[in-house]
Structure formats: C-alpha cells, structure tokens
Amino acid sequence: MNMIVGDYEIKEGLKYTKEHEWIEIVGDIISIGVTDYASKEMGDVAFIELPEEGRHVGKGELLCEIESVKAVSEVLSPVDGSIVDSNGELEDMPEMINEAPYDSWIVKVRYDKMPEGLLSDSEYRSLIEDLQKN
C-alpha cells in the first residue's frame, strides 16, 4: 500500500534518504531509485547516465546523473559497496523514472555494512509534509 501526501506518492515498506532516493534492502543488496517527489521536481527525464557495474562506491559518492528538462540531478550512494547491476532499460526509456518511479530502480549495490541514517516511510512522509508547508 502507498501513502499519498499532496501530489506525491510514498511507497510503504521502503527506506528513504533526505535526498529523495528510495532504498529496497534484500539480503546484502540494495536497490536504489528516485522517489515520486524527486521525479516530479526534476520534470521530464530525458537521459540517465548509468554507473559501471563492479565499481566500488563510498557513501555520499555520485552513482549517476539524471538529465531532465529542468536540470541535471545527481543520485548519491547511501552506502559503501560495489555496484552489481544497473537498470539498462532506463537508457532506452528514461521517462520510466517519471511514469513509475518506484518500479524503476536505477542501480543495485552490494553493501559493505548495513546502511545507517535511512528514513522509514513515515519519517519520509513527514519530510515531504514539511516541504509542502514551506
């Protein structure tokens, strides 16, 4: 089930970052995508530069860039780990990030240790509610 906050959908059961990325943890692999809020704030996505598989990334490092009609947005790694997969479908259909942000994972990372500092779905909802007040 998903929560609706204003014009934005928040998928329950995922973890979130304050930078508007969603995280799904399965074993020692996390899938990373951008939230409905991020996809709507970016505008129409035109291009995504996917990261190289096998590359090690540190927490806070650039994973990839998403180009939209408004700007270039950075997706940062929420963990230290190795990239094990990139969603190649997004190269041909980057608009999927706008159309189905929670079904359009961007990258999968095998993390070195359990991610810390992630927001629950209810904490992320509070963040979006606060942003709408301002």
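Two strands count as paired if DSSP finds at least two bridges between them. The structure used in these exercises is a predicted model.

**Exercise 1.** Find the bridge partner of F47 in β8 and place the two strands in their sheet.

*Solution.* Step 1: F47 has E67 of β8 as its bridge partner. Step 2: four bridges join β6 to β8 (residues 62-68), and the two strands run antiparallel. With a threshold of at least two bridges, β6 and β8 therefore pair. Step 3: the sheet is open and has three strands in the order β6-β8-β9, with antiparallel pairing. Step 4: β6 (45-49) and β9 (72-76) are the edge strands, each pairing on one side only. Neighbouring strands here are turned by 25° against each other on average, direction ignored.

**Exercise 2.** Determine the strand order of the six-stranded sheet and the bridge partner of E24 in β5.

*Solution.* Step 1: the order in this open, antiparallel sheet is β3-β4-β5-β11-β10-β7. Step 2: its edges are β3 (15-16) and β7 (56-57), each of which pairs on one side only. Step 3: β4 (residues 21-26) and β5 are linked by six bridges in the antiparallel sense. Step 4: the partner of E24 in β5 is S31.

**Exercise 3.** Describe the largest nonpolar core and the surroundings of I32.

*Solution.* Step 1: this core has 23 residues, and I32, I66 and V75 are among those with the most contacts inside it. Step 2: β5 (29-34), α1 (36-42), β6, β8 and β11 (107-111) each supply at least two of its residues. Step 3: beyond its neighbours within four places in sequence, I32 is in contact with residues including W22, L63, V75 and W105. Step 4: another core, of 13 residues, lies apart and includes Y8, L14, Y37 and I128.

Key:
Residues are numbered from 1 along each chain as its sequence is written. This is a predicted model: local features need pLDDT of at least 70, side-chain atom pairs count only at pLDDT 80 or more; totals for chains, interfaces and linings use all residues. Side-chain values use heavy atoms; hydrogens and water are left out. Axes are lines fitted to C-alpha atoms, for helices over the stretch in contact, and angles run from 0 to 180 degrees between N-to-C directions. A nonpolar core is a set of buried Ala, Val, Leu, Ile, Met, Phe, Trp, Tyr and Cys residues joined through side-chain atoms within 4.5 Å. Buried means under 20% relative accessible area, exposed over 50%, partly exposed in between (1.4 Å probe, protein chains only). Contact means heavy atoms within 4.5 Å.
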